[in-house]
Amino acid sequence: MKPVEQSFVAWAKMRARRLPQVKLGIGDDAAVLACNGSDMVITTDSMMEGVHFESAQVDARRIGRKLVAVNLSDLAAMAAEPTAIFLSFCLPLGDEMDTESLAAEIYEGVCEMAERFGVAIAGGDTNCWRGPLVVNMTAVGRTVDDIVWTRSGAQPDDLIVVTGKLGGSLLGKHLDFLPRVELARQIRGAIEIHAAMDISDGLSVDLLRMCDASSCGAILELERVPIAEAAQQLASTSGKLPVEHALGDGEDFELLLAVPTAELSALQQLVGAEQAIACGTFTSRTGLWSKEGGKIRQLTSSGYVHGR
Ligand SMILES: [Mg+2]
């Protein structure tokens, strides 16, 4: 998120009227609305030509798949069970056949993911305009057994746990990832999770957001941060360290969890050690810190590692 987007969201959160039907409003991965039975969990995301993809370079079906994946990732981050999705298009005006086949290709990608995750495509909106392709999705889920993971429950001494390797998603993973819906389903109810979010902007930025929401800080142990093959590959030409890619690239869409120390081995037994990697600790001292070779330094939120 750009600073202007962030400050607008902060203002919008303050400006919005608080009503009792909203249990959790602006500022988390999704909103929670009070409902009889289980609560509703709702999130929305847009993707734009030139910002999130270049449609000349990317198969339109992948755009559709990614749009579903980023939305379901936010629901997984809240431990919600996905129910339905709504798809809206702003299609570029041009040759009618081209416009229609573009929409159909995107829709095929959406259908593929909807089937895979058992969600209904329940509506949407289609428009054409003299502008680039914009797609938006709203995803609706429900809570199970009243469990909702938020960003704000991390406590000092909780472990920082991520559900997979990070970095280098630009090389392809950002378009083809699978949201951690099944993993969230396995963990919720079985393991005590103090806080959760998905890693969309990079581990360091998102961890700092979790710390801010939870009024605590965190120490990342750089040697323990799981680094994706693609991050190593990128580092060979980017002039950055692989760990900097892992901390700063973003679009990993793994889950970031605050896990009580006593729960880690049960979590690892449940989902496998490679899907529950502890790489640091939350602290009462606020801010983001890195620990490497016993030395603790302040970490920038972009993931730049000082003094190397
Ligand atoms: Mg998110």
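A crossing of two helices is right-handed if the near helix is turned clockwise from the far one by less than a right angle. Keep that in mind for the second stop. The model on screen is predicted.

**Stop 1: the two domains.** Colour residues 3-142 as domain 1 and residues 159-298 as domain 2, following the domain assignment of the chain. Their centres, taken over C-alpha atoms, are 24 Å apart. Now look at where they touch. Domain 1 brings 13 residues to the contact, and domain 2 brings 14 residues. On the domain 1 side, helix H2 (residues 60-77) gives the most, with 8 residues. That side of domain 1 consists of 8 nonpolar, 1 polar and 4 charged residues.

**Stop 2: H2 and H3.** Stay on H2 and add helix H3 (residues 96-117). The two axes come within 6 Å and cross at roughly 40°. Angles from 35 to 65 degrees count as oblique, so H2 and H3 are oblique to each other. Which hand does the crossing of H2 and H3 have? H2 passes H3 in a right-handed crossing. Show side chains here. From H2, select residues including Ile-63, Leu-67, Val-68 and Leu-72. From H3, pick residues including Leu-102, Ile-106, Val-110, Met-113 and Phe-117. Charged residues take part too, among them Arg-61 and Arg-65 of H2 and Glu-105 and Glu-112 of H3. By class, this contact has 13 nonpolar, 2 polar and 6 charged residues.

**Stop 3: strand E6.** Select strand E6 (residues 134-142). Which strands pair with E6? One is strand E3 (residues 40-48), antiparallel to E6 over 9 bridges. Find Met-40: its bridge partner in E6 is Arg-142. Another is strand E4 (residues 81-92), also antiparallel to E6 and joined to it by 9 bridges. Here Leu-87 stands opposite Met-137 of E6.

**Stop 4: the seven-stranded sheet.** Move on to an open sheet of 7 strands. Trace them in the order E8-E10-E7-E11-E9-E12-E13; the pairing is mixed. At the edges lie strand E8 (195-198) and strand E13 (295-298), each pairing on one side only. On average, neighbouring strands are turned by 25° against each other, direction ignored. Zoom in on strand E7 (residues 159-162) and strand E11 (residues 277-283). These two run antiparallel, joined by 3 bridges. Leu-159 has Thr-281 of E11 as its bridge partner.

**Last stop: helix H6.** Select residues 203-214. This is H6, which lies across E7, E8, strand E9 (217-221), strand E10 (255-259) and strand E12 (287-292). Against E10, H6 runs at about 40°.

Key:
Residues numbered from 1 in each chain as written. Predicted model: local features only at pLDDT ≥ 70, side-chain atom pairs only at ≥ 80, totals over all residues. Pairing = 2+ DSSP bridges. Helix = DSSP H or I, 4+ residues; strand = E, 2+ residues; numbered from the N terminus. Axes fitted to C-alpha atoms, helices over the stretch in contact; angles between N-to-C directions. Contact = placed C-beta atoms within 7 Å. Domains from an automatic or database assignment. Nonpolar A, V, L, I, M, F, W, Y, C, P; charged D, E, K, R; others polar. Parallel < 35°, antiparallel > 145°, perpendicular 65-115°, else oblique.
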